[in-house]
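Colleague: I would like a close look at one part of this model. Please start there and then work outwards, in short steps.

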Amino acid sequence: MEWPTYRNSLEEYHRRSTEKKEFEQWLQSNLSGIIDKITLPVDEDGFRHLDIGSGDGDMCCKLVDIILNHHHSVICRSVEPIAEEIEKFRELVKKQTRANATFDMRQETTEEYEKRPEVVVECLFHLVTILQMIVAVDDLEKTIMHHYENEMGKGSAMIISLISDKSPDLISAVDASHGFKWSSADVRRMLQEKDLHYTEQFVPYTVDITQCFDETSLKGALLMEMLTITPGFRECVSKEKQKTILDILKSKSFKDGDDILAKYGFDVYIVFKT
Ligand SMILES: C[S@@+](CC[C@H](N)C(=O)[O-])C[C@H]1O[C@@H](n2cnc3c(N)ncnc32)[C@H](O)[C@@H]1O
């Protein structure tokens, strides 16, 4: 999706969905346990964290704060192609002082980053996170295996999170996904085929879709753009298809007072390098 349509739709989605809150809770409950299991030695430079597709850095900073509860210092490298997102990340870092965290922000796609020869020899990371972005990469296996083989040390961990294939499948229904190439089933299949050591967790969340059923609602229109990854959803998609998509959404929803909440979830894959 093109900037800034993406951001407007994303912001509406964040207002209507419990995804971020649920993921933050998941991190608070699970990240410490994962860090404790990482056996790659941490030298005096500190714990090395690589975050791919960091967006505005909000989630990345939350990860760094949890890591700092376990290690004296963190070097966090982020890879994010959109300049406006990196600017927000910089502002966030300026606002919240973390004496023992160093941020190294790279403005590029993971595909560009992976091609850099120095990446292979530079350093090994203790933790690689690919949160809510793997759906957009060109080649799922190439990206995951690049980070696994070249940037993780023995005993380090990778966390991949993405919308679960148990969520309403609107992307295939709309039949024109603008940027979503992979599902959680593809990630699972790939990890199994490569025989990687991983665990999987399902984390449920809800999206308030009440406005989506009001044809005059701008908020509903923005939300539908995000849920289907289709800019201009109400203008570009035929009325017949819009009805089919709303029916799918409704079939995966429940009433909460006057609100209609759709049942969504994400799958989190935790991969340890053995
Ligand atoms: C939904 S946001 C997720 C942000 C953050 N990881 C989080 O969990 O809150 C997805 C981010 O991935 C970035 N992105 C999309 N394609 C990418 C690629 N090929 N390489 C690196 N980042 C990418 C987007 O620009 C966007 O900022």
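Where is glutamine 25 placed?

Modeller: One caution before the answer: this is a predicted model. Glutamine 25 is placed in helix H2. That helix covers residues 19-37.

Now look at the surroundings of glutamine 25. Is this residue buried, exposed or partly exposed? Count the C-beta neighbours inside 10 Å, and you get 13. A buried residue needs 20 or more, while an exposed one has 12 or fewer. Glutamine 25 therefore counts as partly exposed.

Next, pick a residue that is distant along the chain. Valine 203 is 178 residues away from glutamine 25 in sequence. In space, their C-alpha atoms are separated by 9.9 Å. Valine 203 belongs to strand S6, which spans 197-208.

Stay with H2 and turn to its partner, helix H3. H3 runs over residues 58-68. The axes of H2 and H3 are 10 Å apart, and the two helices pack at an angle of about 40°. What do we call such a pair? Angles under 35 degrees would count as roughly parallel, and 65 to 115 as roughly perpendicular. The angle here falls in neither range, so H2 and H3 are oblique to each other. H2 passes H3 in a right-handed crossing.

Which residues make this contact? From H2 come Glu24, Leu27, Leu31, Ser32 and Ile35. From H3 come Lys62, Leu63, Ile66 and Ile67. By class, the contact has 6 nonpolar residues, 1 polar and 2 charged.

Leu63 leads us on to a strand. Phenylalanine 125 and leucine 63 are 62 residues apart along the chain. Their C-alpha atoms are separated by 14 Å. Phenylalanine 125 sits in strand S4, which covers residues 125-131. Around its C-beta atom there are 24 others within 10 Å, so phenylalanine 125 is buried. Leave out residues up to four places away in sequence, and phenylalanine 125 touches Arg48, His49, Leu50, Glu151, Met152 and Ser156.

Glu151 is a useful link, as helix H7 spans residues 140-151. H7 has a helix partner too, H9. The axes of H7 and H9 come within 10 Å and cross at roughly 55°. That makes H7 oblique to H9. H7 passes H9 in a right-handed crossing. Leu140, Glu141 and Ile144 in H7 meet Asp186, Val187 and Met190 in H9. This contact divides into 4 nonpolar residues, no polar ones and 2 charged ones.

Follow H9 to glutamate 193, which is found in that helix. It has 9 other C-beta atoms within 10 Å, so it is exposed. Glutamate 193 and serine 73 are 120 residues apart along the chain, and their C-alpha atoms are 36 Å apart.

Then comes the loop between H9 and strand S6, where aspartate 195 is placed. Aspartate 195 is not a glycine, yet its phi is positive, at about 60°. Aspartate 195 is exposed, because 7 other C-beta atoms lie within 10 Å.

Isoleucine 229 also has a positive phi, near 55°, and is not a glycine. Isoleucine 229 lies in the loop between helix H10 (218-228) and helix H11 (233-236). Is isoleucine 229 buried or exposed? It has 20 other C-beta atoms within 10 Å, so it is buried.

Now go back to H2 and look beyond it. Proline 41 is found in the loop between H2 and strand S1 (47-52). It has 8 C-beta neighbours inside 10 Å, so it counts as exposed. Proline 41 and lysine 243 are 202 residues apart in sequence. In space they are 55 Å apart, C-alpha to C-alpha.

Finish at the ligand. How many residues surround it? There are 18, and the closest are Gly53, Gly55, Leu131, Met133 and Ala136. By class, this shell has 9 nonpolar, 6 polar and 3 charged residues. Leu131 brings us back to S4, the strand of residues 125-131.

Conventions: Residues are numbered from 1 along each chain as its sequence is written. This is a predicted model: local features need pLDDT of at least 70, side-chain atom pairs count only at pLDDT 80 or more; totals for chains, interfaces and linings use all residues. A residue is near a molecule or strand if its C-beta atom, placed from the backbone, lies within 6 Å of it. Ala, Val, Leu, Ile, Met, Phe, Trp, Tyr, Cys and Pro count as nonpolar, Asp, Glu, Lys and Arg as charged, and the others, Gly among them, as polar. Helices (H or I, at least four residues) and strands (E, at least two) are DSSP runs, numbered from the N terminus. Axes are lines fitted to C-alpha atoms, for helices over the stretch in contact, and angles run from 0 to 180 degrees between N-to-C directions. Angles under 35 degrees count as roughly parallel, over 145 as roughly antiparallel, 65 to 115 as roughly perpendicular and the rest as oblique. A crossing is left-handed if the near helix is turned anticlockwise from the far one by less than a right angle, and right-handed if clockwise. Two residues are in contact if their C-beta atoms, placed from the backbone, lie within 7 Å.
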